[in-house]
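Biologist: I'm new to this structure and would love a close look at a single part of it. Could you pick one spot, walk me through its surroundings, and tell me how far to trust what we see?

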Amino acid sequence: MGRKLDLSGLTDEEAEHVLQVVQRDFSLRKKEEERLSEMKQKLDEEGNKCSILSKQQKFNEHCCIRCCSPFTFLINSKRQCQDCKYNICKSCSTYQKKEKAWICSVCQQARLLRTQSLDWYYNNVKSRFKCFGSAKVLKNLYKKHRLESGACPETIGKNSCADFL
Ligand SMILES: [Zn+2]
Ligand SMILES: [Zn+2]
């Protein structure tokens, strides 16, 4: 990304505005981070519950692994989740037209989480990313230097992670 942010020509008022944007970005990112880790925790708990339940003999043969309601022929028929391979009931599943398969509500959440927060963000980039985005802008704002990368406030977010790779 060749976008450059020249901060040297900013008036105090403009600099103040940029600062506000950067600060807002900080708090937004923090909130997003918290939301995602909460989501992750819930999914982990659900995973634990499932592994316990699935050890019960034939539990999943007769009951939905997600809501534990018993399967009944026609009314609440059994189907298998494409991702976790557990048997799930009608109300805990959604049909994926593209894949022509059923996905349970939990796996759907997990998919969502994956797309929203790629694992590399958490495992690899997070610590480096901290001093890359807003922090860099902030530093440079005080120095009033030219920024090298496209780390202007508008592009901070998911795009700047991608730039980093
Ligand atoms: Zn269910
Ligand atoms: Zn599933």
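Modeller: Let's start at Cys104. Leaving aside its neighbours within four places in sequence, Cys104 is in contact with Arg66, Cys81, Cys84, Tyr86, Ile88, Cys92 and Ser93. Please keep in mind that this is a predicted model.

Several of those partners turn up again when we look at the core. The largest nonpolar core has ten residues, and Cys104 is one of them. The others are Cys64, Ile65, Cys81, Ile88, Cys89, Cys92, Ile103, Val106 and Cys107. Two elements, strand 4 and helix 3 (105-116), each supply at least two residues of this core.

Strand 4 covers residues 101-104 and has the highest mean pLDDT among the elements of the protein, at 96. Its partner is strand 3, residues 93-96: the two run antiparallel and are joined by four bridges. You can pick out individual pairs here. Tyr95 has Trp102 as its bridge partner, while Gln96 is paired with Ala101. Between the strands of this hairpin lie four residues, and Lys100 takes a positive phi near 55°.

Now follow the chain onward into helix 3, which packs against helix 1 (residues 12-55). The way to describe such a pair is by the angle between the axes and the distance between the axes. For helix 1 and helix 3, the angle is about 145° and the axes are 10 Å apart. Their crossing is left-handed. On the helix 1 side, the residues that meet helix 3 are Leu36, Met39, Lys40, Leu43 and Glu46. Facing them from helix 3 are Val106, Gln109, Ala110, Leu113 and Gln116. Val106 is worth a second look, as this residue is also listed in the nonpolar core.

Let's also step back along the sequence, to the loop between helix 2 (59-62) and strand 1 (79-80), where Cys68 is found. Cys68 is not a glycine, yet its phi is positive, about 70°. Is Cys68 buried or exposed? Neither label fits, because Cys68 has 13 C-beta neighbours inside 10 Å and so counts as partly exposed. Leu74 lies in that loop between helix 2 and strand 1 as well. Leu74 too has a positive phi of about 70° without being a glycine. Having 5 C-beta neighbours inside 10 Å, Leu74 counts as exposed.

To place all this in the whole protein, there are six helices and four strands, in the order α-α-β-β-β-β-α-α-α-α along the sequence. Buried residues make up 16% of the 165 residues. Of the contacts with a separation of 6 or more, 47% are between residues 24 or more positions apart.

Finally, how far to trust it? The protein averages a pLDDT of 76, and 67% of the residues score at least 70. At the low end of the elements is helix 6 (residues 158-164), with a mean pLDDT of 41. Over residues 145-165 the pLDDT is below 50, although this stretch has 46 contacts in the model beyond near neighbours in sequence.

Definitions and conventions. Residues numbered from 1 in each chain as written. Chains lettered and ligands numbered in written order. Predicted model: local features only at pLDDT ≥ 70, side-chain atom pairs only at ≥ 80, totals over all residues. pLDDT = per-residue confidence, 0-100. Contact = placed C-beta atoms within 7 Å. Buried ≥ 20, exposed ≤ 12 C-beta atoms within 10 Å, placed from the backbone. Core = buried A, V, L, I, M, F, W, Y, C linked by C-beta atoms within 7 Å. Pairing = 2+ DSSP bridges. Axes fitted to C-alpha atoms, helices over the stretch in contact; angles between N-to-C directions. Left-handed = near helix turned anticlockwise from the far one by under 90°.
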